[in-house]
Amino acid sequence: MPTARFTVDQLPSAVRAAVEEHTGPLLHAEEAAEGFNSEIAVRLTSASGTWHVKGLRTDHPRVWAQAREAAVAPFLTGLAPALRWHVVSHGWDLLGFEALTGHHHADYAPGSPDLPKVVALLNRLGGTPRPDIPLRQAEQRLKEYAGDPADLAFFSGDHLLHTDLNNTNVLVAEEARLVDWAWATRGAAWLDAGYWVIWLIASGHSPASAEGWAARTLAWAAAPGPGITAFAAASHRLWTEISTSDPDPWTTRLEAAARVWDEYRTRA
């Protein structure tokens, strides 16, 4: 369920003052359409620049996501917009990111010119050293959804993963960039391509087509067939749980895509 939104005008004056220590006097605020998990999502402009700002109140149950994004941001050069500042003040936690211009949300539909750019992005991510910061492990996150505890070994690894390949998290221009790193994880390098498969199917690809695009990533070559099948089954269980607890067109579409992939892998 989307998080309730606040506007910049609703922030305490002390919080605005703390932000303006980094930006200078604000001239314009444009509320963002995306960022449903943020209580503040806005594009701020001052005489010195423009920033995309996302934030939560410090007593919000998911405020940990702000700290996670701040911790991983320094390691994402070339992968994500740069984090310019982090403000925690008077009950609010705000992240100010470089505001990208000329980018659009990735189009995952069959034939989209964005698809090769997403492949290139995943290849850059696959070659990025895992930052030496605490991250959850993929096998921990998937533990409740594995059909066999032995399957968890397929998901284990020491690579930096994004794990949320929602097309709105991929911004495309000449190159693609990934935003929303709250679910950054450590695991097997091929898993992000696996997460992408589900979004590709949800965007109109057949399972074979979706796996064909995943196979263009360098990491997929090391993905064991039984591991892919186990991940498809675990993802189906995960999205079934999500769509059951929070049924809406978005979650049911992803559950259907995960089910189609799981059935395809089971028949293969």
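Two parts of a protein are in contact here when they have heavy atoms within 4.5 Å of each other. That cut-off is needed below, where a helix is said to pack against strands. The structure shown is a predicted model.

Start with the sheet. It is open and has five strands, which lie in the order 1-2-3-5-4 with antiparallel pairing. Strand 1 (26–31) and strand 4 (83–89) are the edge strands, and each of them pairs on one side only. From one strand to the next, the twist averages 25 degrees. One pairing can be followed residue by residue: strand 1 and strand 2 (residues 40–46) run antiparallel and are joined over five bridges. Within this pairing, E30 stands opposite R43 of strand 2.

Two helices pack on the sheet. Helix 1 (residues 13–23) touches strand 1, strand 2, strand 3 (49–57), strand 4 and strand 5 (92–98), and its direction makes about 155 degrees with that of strand 4. Helix 2 (residues 64–72) touches strand 3, strand 4 and strand 5, and its direction makes about 35 degrees with that of strand 5.

Now look at helix 1 by itself. Its buried residues are V15, A18, V19 and T23. Viewed down the helix axis, the buried residues of helix 1 fall within an arc of 135 degrees, so they line one face of the helix. These buried residues pack against strand 1, strand 2, strand 3, strand 4 and strand 5. On the face of helix 1 turned away from the buried side are the exposed residues S13 and E21. After helix 1 comes G24, which has a positive phi, near 80 degrees.

Further along the chain there is a contact between two helices. The axes of helix 6 (residues 191–202) and helix 7 (residues 207–214) come within 9 Å and cross at roughly 145 degrees. This crossing of helix 6 and helix 7 is right-handed. Helix 6 contributes A193, W196, V197, L200 and I201 to the contact, while helix 7 contributes P207, A210, E211, W213 and A214. Sorted by class, the residues in the contact of helix 6 with helix 7 are nine nonpolar, no polar and one charged.

Technical notes:
Residues are numbered from 1 along each chain as its sequence is written. This is a predicted model: local features need pLDDT of at least 70, side-chain atom pairs count only at pLDDT 80 or more; totals for chains, interfaces and linings use all residues. Side-chain values use heavy atoms; hydrogens and water are left out. Two strands pair if DSSP finds at least two bridges between them. Helices (H or I, at least four residues) and strands (E, at least two) are DSSP runs, numbered from the N terminus. Axes are lines fitted to C-alpha atoms, for helices over the stretch in contact, and angles run from 0 to 180 degrees between N-to-C directions. Buried means under 20% relative accessible area, exposed over 50%, partly exposed in between (1.4 Å probe, protein chains only). The arc is that of the directions from the helix axis to the C-beta atoms. A crossing is left-handed if the near helix is turned anticlockwise from the far one by less than a right angle, and right-handed if clockwise. Ala, Val, Leu, Ile, Met, Phe, Trp, Tyr, Cys and Pro count as nonpolar, Asp, Glu, Lys and Arg as charged, and the others, Gly among them, as polar.
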